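User: I would like a close look at a single part of this protein. Please take one residue, then work outwards to what surrounds its helix.

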Amino acid sequence: MPSRPTASPQLSEMTSVDILNGVREDAGANYADIVPQAVKPGDTLPDGTTATVDDSLRSLRGIGEILRTYQPLQNQFLTNIVNRIAFVIIKSRLYENPWNRFKKGFMEYGETIEELFVEMANVHQFDPDWEEGTPFKQEKPSVLARFHAMNYQKFYKTTVNDNMLRTAFLSWEGITDLISKIISQLYTAANYDEFLVMKYLIARLALDGEIGSVSIPAITAANARSVTTTMVAAARNLQFMNNSYNSAGVTTYTDPSKLWTIITTDASSVFDVEVLALSFNMSKAELIGRQIAVDSFATWDTARLEKIFKDDPYTIYRPFTGAEVAKLKSIAALMVDESWFMIYDNFIKMTEVYNPEKLYYNYWLHCWKTFSASPFANAILFTTESTSITGVAVNSPVTTTTPGAQVGLTATVSGTGFVNNNVSWSVSGNISKGTSISTDGILTVGKDETASSLSVTATSVVDASKKATTSITVA
């Protein structure tokens with residue numbers, strides 16, 4: 001099971017003396033025999049006097065001289081503060097991504113997550129004349145599976161030179177400043193990249209028709225109440241069993257407590273909190289607590305994305321075209337079940353090496369992750385782009401099959417705007433009760449099927465008038 005790291009202490013809560021003495025305590029007897037305990041103002045000195053700030057600074061500088069003189073102790077010191085302090089803070093701060101609440105946690109073991117969805121059981125009419133033995137026939141549940149594999153392996157690098165180490169012992173805040181320099185470069189980059197990739201995931205799935213949409217007008221102060229009412233209606237509809245709002249087309253619902261709205265800053269600035277609170281019939285705190293901001297789905301740090309995905313074996317990076325950016329700009333909000341995000345940390349590790357020729361340390365932070373989305377969880381785009389379905393096409397790998405066989409069919413939905421690719425499947429012309437088709441288009445032909453031809457139909461879940469049918473011969 002994934003786990004979240006516990007909150008680490010902030011650097012502001014620690015002093016250089018606290019860090020030095022913590023290192024001394026953890027580093028072992030040899031280190032403690034050579035490196036004295038650091039003194040802080042107010043401590044009692046061996047002569048019985050009370051230590052001043054100057055006494056503390058002399059203590060820090062004395063420890064600095066010892067560490068700079070003995071290379072093995074210096075190596076031990078830096079390794080300790082990085083691995084035991086900086087790395088702990090980095091691991092915790094990786095969850096300071098503004099969308100970190102959607103992360104599932106840290107996968108201690110394995111690289112692949114199997115997500116299962118069990119469809120509802122079939123309903124049957126009671127019949128007192130059922131033939132003997134019918135109650136003992138198997139009716140296996142329909143189980144859908146989706147695998148989410150680790151698809152992101154990056155590392156970040158920074159250097160600490162001897163001059164940085166020397167200056168760390170010249171002031172009261174020197175050690176914490178040194179750790180901060182190591183941390184700020186690494187964790188800021190890791191958090192920023194994580195946010196960009198999550199945002200890229202949403203945008204690509206939206207453009208590829210994997211997220212259903214609801215059309216709204218351009219939001220103004222005059223129509224904010226009306227738009228809010230539309231959003232409220234959609235949120236309430238998600239509480240009821242439906243197959244229209246997830247890419248797998250399964251029948252499911254979203255618990256209101258698990259529903260979040262990622263709203264652009266432009267849209268949220270127009271909405272009046274009082275109007276929203278009234279429309280949602282809940283307090284301001286409850287309303288704002290379920291909202292998360294995004295600058296825009298059309299604003300991109302293209303240069304950074306290109307660096308992130310350069311030579312990436314897992315992701316084929318597709319820069320956004322002008323037309324795609326225009327479509328993304330029309331998105332005002334994404335209403336989403338929190339289980340839709342399948343984002344995990346798989347591996348986080350800090351390593352270092354010392355270059356004795358050039359007198360510096362290099363540090364690497366490795367971050368391996370899984371970025372994916374559940375096809376079984378609900379999500380709705382609110383967009384000013386008008387969406388309409390113009391047609392459906394059914395694709396079958398075969399035109400002829402046999403009793404007892406399975407055929408995987410796919411459907412393509414065409415249209416304008418953010419086209420929802422979800423379809424509902426049905427099969428007709430069958431004689432055998434064992435002939436059926438699953439929600440993901442897997443046609444199972446009953447072993448006792450005697451019909452010579454089956455008709456398979458895919459119907460758009462958005463517009464039931466748009467459908468397509470193909471015939472499959474049963475040999």
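Where is the place of R24? Start there, and follow the helices outwards.

Analyst: R24 sits in helix α1. Keep in mind that this is a predicted model.

First, exposure. R24 has 24% relative accessibility, so it counts as partly exposed. The cut-off for buried is under 20%, and exposed means over 50%.

Next, its contacts. Set aside the neighbours within four places in sequence. R24 then touches Y31, A32, V35, P36 and Q37. A38 can be placed by distance. It is 14 residues from R24 in sequence, and their C-alpha atoms are 9.1 Å apart in space.

Now the helix itself. Helix α1 covers residues 16-27. Its axis comes within 7 Å of the axis of α6, and the two cross at roughly 80°. The pair α1 and α6 is therefore roughly perpendicular. On the α1 side, S16, I19 and L20 make the contact. On the α6 side, G174, I175, T176 and I179 do so. By class, this contact has four nonpolar residues, three polar ones and no charged ones.

Helix α6 spans residues 174-207. It also meets α12, which runs over 322-329. The axes of α6 and α12 come within 11 Å and cross at roughly 100°. These two helices are therefore roughly perpendicular as well. A203, R204 and L207 of α6 face E324, K327 and L328 of α12 in this contact. The class split here is three nonpolar, no polar and three charged.

Helix α6 also feeds the interior. The largest nonpolar core has 78 residues, and F77 and W99 touch the most other members. To this core α6 gives the most, with 18 residues. A second, separate core has 19 residues, including I389, V392, V407 and I437. Look at W99 more closely. Leaving out residues up to four places away in sequence, W99 touches F195, M198, K199, I202, I262, I292, A293, V294 and F297.

One more helix belongs in this picture. Helix α11 covers residues 302-309, and its L305, I308 and F309 are buried. These three span an arc of only 80° around the axis, which puts them on the same side of α11. Their cover includes α6 again, along with β4 (152-161).

Just after α11 comes D311. This residue lies in the loop between α11 and α12. Its phi is positive, about 60°, although D311 is not a glycine. Most residues other than glycine have a negative phi. D311 has 70% relative accessibility, so it counts as exposed.

Finally, the whole chain. The protein has 475 residues, and 46% of them count as buried. It has 12 helices and 20 strands. Take the contacts with a separation of 6 or more. Residues 24 or more positions apart account for 75% of them.

To retrace the path: R24 is in α1, and α1 crosses α6 at roughly 80°. From there, α6 crosses α12 at roughly 100° and helps cover the buried residues of α11.

Conventions
Residues are numbered from 1 along each chain as its sequence is written. This is a predicted model: local features need pLDDT of at least 70, side-chain atom pairs count only at pLDDT 80 or more; totals for chains, interfaces and linings use all residues. Side-chain values use heavy atoms; hydrogens and water are left out. Buried means under 20% relative accessible area, exposed over 50%, partly exposed in between (1.4 Å probe, protein chains only). Helices (H or I, at least four residues) and strands (E, at least two) are DSSP runs, numbered from the N terminus. The arc is that of the directions from the helix axis to the C-beta atoms. Contact means heavy atoms within 4.5 Å. A nonpolar core is a set of buried Ala, Val, Leu, Ile, Met, Phe, Trp, Tyr and Cys residues joined through side-chain atoms within 4.5 Å. Axes are lines fitted to C-alpha atoms, for helices over the stretch in contact, and angles run from 0 to 180 degrees between N-to-C directions. Angles under 35 degrees count as roughly parallel, over 145 as roughly antiparallel, 65 to 115 as roughly perpendicular and the rest as oblique. Ala, Val, Leu, Ile, Met, Phe, Trp, Tyr, Cys and Pro count as nonpolar, Asp, Glu, Lys and Arg as charged, and the others, Gly among them, as polar.
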